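Let's take a walk through this one together. Have the sequence and the 3D view open side by side, and follow along as we go.

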Amino acid sequence: MEKITAEIKDQTLLLEDIYSMTIIAPSITESARCGQFLSLYSRDGSRLLPRPISICEIDKEQGTIRIVYRIAGKGTREFSTLTAGDKIEVNGPIGNGYVLDTKHPILMGGGIGIPPMLALAEELNNSGIPKEDISVILGYRDDTFLLDEFNKVSTVYISSDSGKNGIKGNVIDAAKHYEITGDMIYSCGPTPMLRGVKAFAQEKGIKAQLSLEERMACGIGACLACVCKSTQIDDHSNVKNKRVCVDGPVFFSEEVEL
């Protein structure tokens with residue numbers, strides 16, 4: 001990981017309180033992988049801790065990284081006011097990304113866990129997997145975002161809380177409704193969703209990779225504020241814990257307890 005002062009290329013509002021920001025950061029982009037995240041720092045000295053935000057798209061040729069985030073507090077609200085040409089301190093890329101060992105992937109993203117699925121879908125498609133073989137299940141609260149971009153590289157299925165878009169329910173309901181099959185599940189979203197993904201994967205006998213959402217403090221593995229329960233003893237703490245920031249955020253489902 002590397003901490004730099006990066007320039008913002010552009011920022012747009014996608015939905016109420018959901019923003020898309022593209023950052024010019026060639027040195028970070030060079031080693032970035034789908035499933036990793038960036039830590040963004042506030043200009044306000046009273047907000048010492050960075051805000052972790054998942055990577056949505058990686059453009060190695062242009063040296064840019066795109067993130068999509070929801071305003072959740074004062075830090076992310078500050079980020080939403082920035083415009084093209086503004087500077088921001090960024091640390092990254094951080095964590096372990098997805099293992100791309102698949103021919104028929106199933107991607108499941110819920111809420112603000114949807115954006116990192118786009119980077120993964122694009123990388124899988126660029127690796128030679130036809131869009132017809134990349135099944136993406138997206139769980140929205142109500143209105144959709146990033147849908148046109150997903151449709152370019154994958155076959156998309158939608159669920160929503162209200163039933164306004166796709167079927168009414170969650171990503172597991174959609175997977176069962178559309179009888180989706182594959183050889184690897186990739187997922188990102190809130191813990192209840194990931195718990196359902198893990199159970200679904202076990203039921204179907206499919207391996208699954210989960211990107212965990214946890215509150216973080218330092219974001220570099222030092223403070224142990226973002227530990228999750230693991231099935232094996234961690235070499236760092238000598239207990240059954242894993243640090244989501246650097247040991248994850250992506251884990252195989254059998255590695256963690258939810």
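Which residue in strand 5 is the bridge partner of threonine 22? Find threonine 22 in the model, which is a predicted one, and look across to strand 5: the partner is arginine 66. That bridge belongs to a wider pairing, since strand 2 and strand 5 run antiparallel over seven bridges.

Now zoom out to the whole sheet. Six strands form a closed barrel in the order 1-2-5-4-3-6, with antiparallel pairing. On average, neighbouring strands here are turned by 45° against each other, ignoring direction. Helix 3 packs on this sheet and touches strand 4 and strand 5, with its direction at about 30° to that of strand 4.

Next, the empty space. The second largest pocket has a volume of about 390 Å³. Its lining comes to 19 residues, and the closest to the centre are Glu57, Ile58, Asp59, Lys60 and Glu122. Strands 1, 2, 4 and 5 each give two or more residues to the lining, and so does helix 3 (115–126). Helix 3 in fact gives the most, with four residues. Sorted by class, the lining has nine charged, six polar and four nonpolar residues.

One last stop: alanine 84, in the loop between helix 2 (74–80) and strand 6 (87–94). Is alanine 84 buried or exposed? Its relative accessibility is 53%, so it counts as exposed, the cut-off being over 50%. Even so, alanine 84 has contacts from far along the chain: leaving out residues up to four places away in sequence, it touches Ile8, Lys9 and Asp10. Alanine 84 and lysine 9 sit 75 residues apart in sequence, yet their C-alpha atoms are 4.9 Å apart.

Key: Residues numbered from 1 in each chain as written. Predicted model: local features only at pLDDT ≥ 70, side-chain atom pairs only at ≥ 80, totals over all residues. Heavy atoms only, no water. 1 Å grid on protein atoms, 1.4 Å probe; cavity = no way out; pocket = protein on both sides within 12 Å on 5 of 7 lines; lining within 4 Å. Points joined across faces, edges and corners; volume = space filled by probe spheres on them. Nonpolar A, V, L, I, M, F, W, Y, C, P; charged D, E, K, R; others polar. Buried < 20%, exposed > 50% of the residue type's maximum accessible area, 1.4 Å probe, protein only. Contact = heavy atoms within 4.5 Å. Pairing = 2+ DSSP bridges. Axes fitted to C-alpha atoms, helices over the stretch in contact; angles between N-to-C directions.
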